[in-house]
Amino acid sequence: MTSLRVGRHRLPLWALVLTVVAVAVPAIATSRAHGAATGCTVTYTTNEWAGGFTAQIRVTNLGAALNGWRLEWAYGGDQQITSAWNAQVTQSGSAATAVNAAHNAVLAAGGSVDFGLQGTWRTADPAPTAFALNGAPCGGTATPTPTPTPTPTATAPAECAGAGATICTDFEDQTGTVPSGAWQTTAPDCQGTGKVSVDTSVAYSGTRSLRVDGGAGYCNHVFAASTRDLSSVGPVVYVRMRVRHTTALPTDHVTFVSMPDASQGGKALRVGGQNGALQWNRESDDATLPEQSPAGVALSTPLATGRWLCLRYQIDTTAQSMRTWVDDQEIAGLRVDGVPTQNVDGQWLARRTLSRPTGLRLGWESYGTGDDTLWFDDVALGSSPIGC
């Protein structure tokens, strides 16, 4: 097989620097875009390392309700935004603009919206101190006091090394062709023709990845399971991985990530597909997220083939809350926030027991038709957010 080397910069979340800027608005001004009086506060929180950063931004609307919002600010350093989630973010010179996504366009009076971005810098990364919401200045200034960047640890991969991640691997420690050490081959329910192996010809980073040859047919299950006990990770469990599919998700139900769940007596929370789109499935009652109606499926997304995707998700063990991103775009149909959403989470919220993942398995489960060859790389799991 032709060797694939994907030369990309990875987001190192070691050496975090926490910077919080709160900008308050004392005055009311007129919205340029929608003609409504508005004011706002903005909290800009960064995780910084040498040459890069992520920022989580919360905007609170102090004026009248907005149907469509735009936040503008300017950078004082040489920051360059490279990606964003939960908003459409553009940059021209030092000026940056974030525009609402379709699912968060309505910003109620007194309501807040959160979005995030990732970027690079070379000489300076001061947090912005002035913002405008729909053309109305938020006003105020704040000067952040950055925490010194600690020296990174020598473990790999860099984006989760030193950040306290419970699982942090790019499979470079695997020396044979069969998963060993921290990863073990398993078929928790039943086994078919599928197999898992360590591949040295396809990798997102380094020279190794985990390859899964997933077979079709009912109860054709095979996984590489992490030996780490995740029972104490939390209260929010954050997971990030690179995954590369050969075949599009089929109409029938399949799974490629499985997490044993103490709240289900060890049965699994499962990430996979059905009706050609990404979905969550709860093994104990077969609840799906989103619901498998045409409208529900349309709120999820198919998965691209032939390239590496960044899959991220978070599971709150103290509340009915789950979120999922693909390539830093949040999937609206895969969000649980405790408030019922038509065609999305009716089945999921029918059960009030909170999820408590205890393990992580990467592989393939088929329950009918549907086979695939897929790869996993740069897998990270911990109690803190891990970016792409």
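The term pLDDT denotes the predictor's confidence in each residue, on a scale from 0 to 100. I begin with it because the structure before you is a predicted model, and the protein chain averages a pLDDT of 84. Of the residues, 84% score at least 70.

Two stretches call for caution. Over residues 1-37 the pLDDT is below 50, although this stretch has 137 contacts in the model beyond near neighbours in sequence. Residues 140-156 also have a pLDDT below 50, and there the contacts beyond near neighbours in sequence come to 26. Where pLDDT is low, predicted coordinates should not be read in detail.

Let me turn to the interior. The largest nonpolar core has 45 residues. Which residues have the most contacts inside this core? They are Phe-256, Trp-280, Tyr-313, Leu-360, Leu-362 and Phe-376. Apart from this core lies another, of 27 residues, with Trp-69, Ile-81, Ala-87 and Ala-98 among them.

I come next to the aromatic residues. A pair of aromatic rings is described by the distance of the centres and the angle of the planes. The model holds 9 aromatic pairs. One of them joins Phe-171 and Trp-183, with 5.5 Å from centre to centre and 55° between the planes, and the pair is classed as tilted. Phe-171 belongs to the loop between strand 16 (167-169) and strand 17 (183-186), while Trp-183 is in strand 17; the two are 12 residues apart, and the pair thus links distant parts of the chain. Are these two residues buried or exposed? Phe-171 has 1% relative accessibility and therefore counts as buried. Trp-183, at 3% relative accessibility, counts as buried as well.

A further pair brings us to Trp-280 and Tyr-313, both named earlier for their contacts in the largest nonpolar core. Their ring centres are 4.9 Å apart and their planes stand at 90°, so the pair is edge-to-face. Trp-280 lies in strand 25 (residues 277-282) and Tyr-313 in strand 27 (residues 308-316), 33 residues apart, and this pair too links distant parts of the chain. Trp-280 and Tyr-313 are both buried.

There is also an aromatic cluster, formed by Tyr-44, Phe-53, Trp-69, Trp-73, Tyr-75, Phe-115 and Phe-131. Trp-69, a member of this cluster, is also among the residues of the 27-residue core.

Tyr-313 leads us to Val-237, a residue of strand 22 (residues 236-245). Val-237 has 1% relative accessibility and so counts as buried. Which residues does Val-237 contact, leaving aside its neighbours within four places in sequence? They are Tyr-313, Gln-314, Ile-315, Thr-317, Arg-356, Pro-357, Leu-381 and Gly-382. In addition, the C-alpha atoms of Val-237 and Met-322 are separated by 9.6 Å, with their positions 85 residues apart along the chain.

I now consider the charged residues. The model contains 11 salt bridges. In one of these, Glu-365 is paired with Arg-270, and the closest N and O atoms are 3.5 Å apart. Glu-365 is in strand 30 (residues 361-366) and Arg-270 in strand 24 (residues 268-274); at 95 residues apart, they link distant parts of the chain. Glu-365 counts as buried because its relative accessibility is 1%. Arg-270, with a relative accessible area of 6%, is buried too.

Asp-328 and Arg-312 form another salt bridge, with their closest N and O atoms 2.9 Å apart. Asp-328 is placed in the loop between strand 28 (322-326) and strand 29 (329-330), and Arg-312 in strand 27, 16 residues apart. The relative accessibility of Asp-328 is 3%, so this residue counts as buried. For Arg-312 the relative accessible area is 9%, and Arg-312 is likewise buried. Arg-312 has a further role in the picture: it lies over the face of Trp-325, at 4.4 Å from the ring centre. Similarly, Arg-361 has its charged end over the ring of Phe-223, 5.9 Å from the centre of that ring.

A salt bridge also joins Glu-330 to Arg-323, where the closest N and O atoms are 2.8 Å apart. Glu-330 and Arg-323 are both buried. Finally, Asp-199, Arg-211 and Asp-213 are joined into one network by salt bridges that share partners.

Terms used: Residues numbered from 1 in each chain as written. Predicted model: local features only at pLDDT ≥ 70, side-chain atom pairs only at ≥ 80, totals over all residues. Heavy atoms only, no water. Phe/Tyr/Trp six-rings, centres within 6.5 Å; stacked < 30°, edge-to-face > 60°. Helix = DSSP H or I, 4+ residues; strand = E, 2+ residues; numbered from the N terminus. Buried < 20%, exposed > 50% of the residue type's maximum accessible area, 1.4 Å probe, protein only. Lys NZ or Arg CZ within 6 Å of the ring centre and 35° of its normal. Contact = heavy atoms within 4.5 Å. Core = buried A, V, L, I, M, F, W, Y, C linked by side-chain atoms within 4.5 Å. Salt bridge = Lys/Arg side-chain N within 4 Å of Asp/Glu carboxyl O.
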